[in-house]
Amino acid sequence: MKPDSGDLALPSRRRFLATSATLAGGLVIACFVPLGGRRLFAQEGGQPAAPPMDPNAFVHIGSDDAVTIVLKHSEMGQGVWTSIPMVVADELDCDWARVRVENAPNAQVYANNAFGIQGTGGSTSTLESFGQMREAGAMARAMLINAAAQQWKIEPSTCRTENGMVISGTRKARYGELAEAAARLKAPEKVALKDPAKWTLIGKPTRRLDSLAKVTGSAGFGIDVQRPGLLVGVVARAPVFGGKVRSFDASAAKAVAGVVDVVQVPSGIAVLGKHFWAAKKGREALVIDWDLGEGASLSSEAMRADYRKLADGRGLVAKTAGDVDAALKAPGKRIEADYEVPFLAHAPMEPLNCTVEIGANGCEIWTGTQFQGIDQGVVAQILGIEPGQVKIHTQFLGGGFGRRANPQSDFIAEAVQVAKAANKPVKIIWTREDDIHGGYYRPMWLSRFSAALGEDGKPAAWSHTIVGQSIIAGTPFEPAFIKDGIDGSSVEGAADSPYLAGIPAHRVDLHTAKSPIPVLWWRSVGHSHTGFVVESFVDELAHAAKADPLAYRRMLLPSDSRNLRALELAAKEFGWGKPLPKGRAAGLAVHESFGSHVAQVAEVSVEDGKIRVHRVVCAIDCGPVVNPMTIEAQMQSAIAFGLGAALHSKITFKDGKVEQGNFNDYLVLRLDEMPKVEVHIVKSTEKMGGVGEPGLPPIAPAVANAVFALTGKRLRSLPFVVG
């Protein structure tokens, strides 16, 4: 193992092209673009300067006509393994059947243009890569045309491309035949992009490139990794967050057949075995004396009481206009409500895992991660080596939802600590219980609303107080994302709600609670709670104004609102206002997040206190569309994920310990609970938005509003309890 630090860190253009030329001979395209947009890191002295132009999108055309696209984004089921190659292939005019995809190595050249580091999240993958990947495809196409024109001694303008061939009159040449000659040409500084009217792949339903590998079992996930001499380990961690090991006795653990070693690391005691079962049984035999610390007194009920007390006072103001207090005291109808949501685990189907080999010249890691740019630095710091000596082999991710994009790189850092202590190659695997107990949850939140309605039924005053933990405080991202004490992710979807623009007096304020419980972004981040509470409370106002929920939102939203366009389409396709079968009712909600606008209408029934969601009609305005099948799948999956949280999921604490442990008590949506989902895409030329997360926020309020329409009972806490 001899990782080349030049290739892993910041290679020069010359070095990149030289090393890439070893890829079986052919044409390698490095597309240079500036790293713009909002960056994750801020440094002392303000926003960091943009780095020089770096190659961060690559295309390799082999002599066999195969087109290999190096994917800088982690594939965790969201479909980027297909949608991003579609963009390249369309501009390249290649044979789609010849397209192959490879995961990018960890390197700054593969930085996410929205973040400034290599990472996948925030529903940014397609929107931040779209222009960049079009350029990469167009650049390759131009070089192939120039190579053919030189061979044929004609003007490039007389050539055209089609399905992996350059054509001029009766002459044809396959891309593979031209690749070597094209590789010797100077790359054009500017290229013309296709007229969207001539797109043949972009915007067309396209089946996924990774499906066959996943169906046949040949796809490589982190948990599948095997290496020579590899030991498998599990870690005994404190049962309470903040707990520490006082002492331990490993004699019984070492006596378990197959156990090879027991080592102490900062997170606990690791047991290493020849296989997983030996390590697990060895861990069960450990005798550990824990110092539980202050976290042993934590309880969900006490935290809820603390949150309510905090909500009694004014927090830091995130958004305000007018004299809210005076407007709330004015004559008229006043509506007040408290909403609560619990801690939530990410609970991906593939539990956390990481394989580590430490050698004389560096460290190699095999894992499914969303945050290569962070992981590389964390590992280097632990081992006292240069970041360029850390090589990360990104595997397919069996779900992420944000858990594998951890600013502390906790599961990777732990595996490296174990490998360092044991001085052996190791694969650390978390059990399902480890994952549920292990933290980095979506925070618990309380929202307190007060509103006053005018004579026209519109809100004349709106007050929204939010209480919960910051997911950014204490991370490297704090300088960039916390301003004047306010974590923007805590109030997103509330402080920037489109409803506020039409309310003369409004205020959104925030109390940031403290807790040893580690928290993290969870699918749709702050919108996962603000979408629920804002759309539920707007429905309460509609009822107080004696207005139809759809008509009321029409009254509050501007006529050119993208939210309204999505809402109108969902309502139309659902048949809003038409009679439903006896015992059923409908509710609706609309929410903007990650640049996309999603509306949903849910049809529900309630029997013996159990909510049954029969049908969901979803409409999304995400701007230009790459693959409609990806959008449909992402809306379906977000609705399923969100329904699980709405109907079942919660993490609770008693005596400092998590009360849930596996899918028997941390419930997710079951197959027989999945409703019929219809997805409709608003035809839009607006700015492109994301699709991985925006489908989640509207589902809980749509269901809650439907239950109210059916039963007259307001559901203000998640998960829902009707009885």
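What follows is a walk through the cores, sheets and aromatic pairs of this predicted model.

The hydrophobic interior is a good place to start. The largest nonpolar core has 77 residues, and those with the most contacts inside it are Trp-462, Phe-532, Phe-537, Ile-611, Val-703 and Phe-720. Helix 16, spanning residues 527-544, gives the most to this core, with 8 residues. A second core of 71 residues is separate, and Met-303, Val-378, Phe-411 and Val-426 are among its members. Back in the largest core, Phe-720 touches a list of residues that are over four places away in sequence: Phe-532, Ile-611, Ala-646, Leu-647, Ala-700, Val-703, Ala-704 and Leu-715.

Phe-720 also turns up in an aromatic cluster, where ring pairs link it with Tyr-339, Phe-449, Trp-462, Phe-532 and Phe-537. The count of aromatic pairs in the model comes to 19. One of them is formed by Trp-81 and Phe-396, with 4.7 Å from centre to centre and 50 degrees between the planes, which makes it a tilted pair. This pair ties together distant parts of the chain: Trp-81 belongs to helix 3 (residues 80-92), Phe-396 lies in the loop between strand 17 and helix 12, and the two are 315 residues apart. Trp-81 and Phe-396 are both buried.

Helix 16 holds a charged residue too, namely Glu-540. Is Glu-540 buried or exposed? With a relative accessible area of 8%, Glu-540 falls under the 20% cut-off and is therefore buried. Setting aside neighbours within four places in sequence, Glu-540 is in contact with Ile-335, Ala-337, Tyr-339, Arg-714 and Arg-716. With Arg-716 there is a polar contact from side chain to side chain, at 2.9 Å. Val-259, by comparison, sits 59 Å from Glu-540, C-alpha to C-alpha, and 281 residues from it in sequence.

Next come the sheets. Seven strands make up an open sheet of mixed pairing, in the order 10-11-8-18-15-16-17. Strand 10 (259-265) and strand 17 (390-394) each have a single partner strand, so one side of each is left without a neighbour in the sheet. On average, neighbouring strands here are turned by 25 degrees against each other, direction ignored. Within the sheet, strand 8 (residues 231-237) runs antiparallel to strand 11 (residues 268-273), and the two pair over 6 bridges. Val-235, for one, has Ala-270 of strand 11 as its bridge partner.

Two helices pack on this sheet. Helix 11 (residues 372-383) touches strand 15 (353-359), strand 16 (362-367) and strand 17, and its direction makes about 140 degrees with that of strand 17. Helix 12 (residues 410-422) touches strands 8, 10, 11, 15, 16 and 18, the last of these covering 426-429. The direction of helix 12 makes about 40 degrees with that of strand 15.

Another open sheet, again of mixed pairing, has 4 strands in the order 24-25-26-29. At its edges are strand 24 (585-593) and strand 29 (676-681), each pairing on one side only. Neighbouring strands of this sheet are turned by 20 degrees against each other on average, direction ignored. Strand 24 pairs with strand 25 (residues 596-607) in the antiparallel sense over 9 bridges, and Ala-585 stands opposite Val-604 of strand 25.

Definitions and conventions:
Residues numbered from 1 in each chain as written. Predicted model: local features only at pLDDT ≥ 70, side-chain atom pairs only at ≥ 80, totals over all residues. Heavy atoms only, no water. Core = buried A, V, L, I, M, F, W, Y, C linked by side-chain atoms within 4.5 Å. Buried < 20%, exposed > 50% of the residue type's maximum accessible area, 1.4 Å probe, protein only. Contact = heavy atoms within 4.5 Å. Pairing = 2+ DSSP bridges. Axes fitted to C-alpha atoms, helices over the stretch in contact; angles between N-to-C directions. Polar contact = N/O pair within 3.5 Å; in protein donor to acceptor, adjacent residues only side chain to side chain. Phe/Tyr/Trp six-rings, centres within 6.5 Å; stacked < 30°, edge-to-face > 60°.
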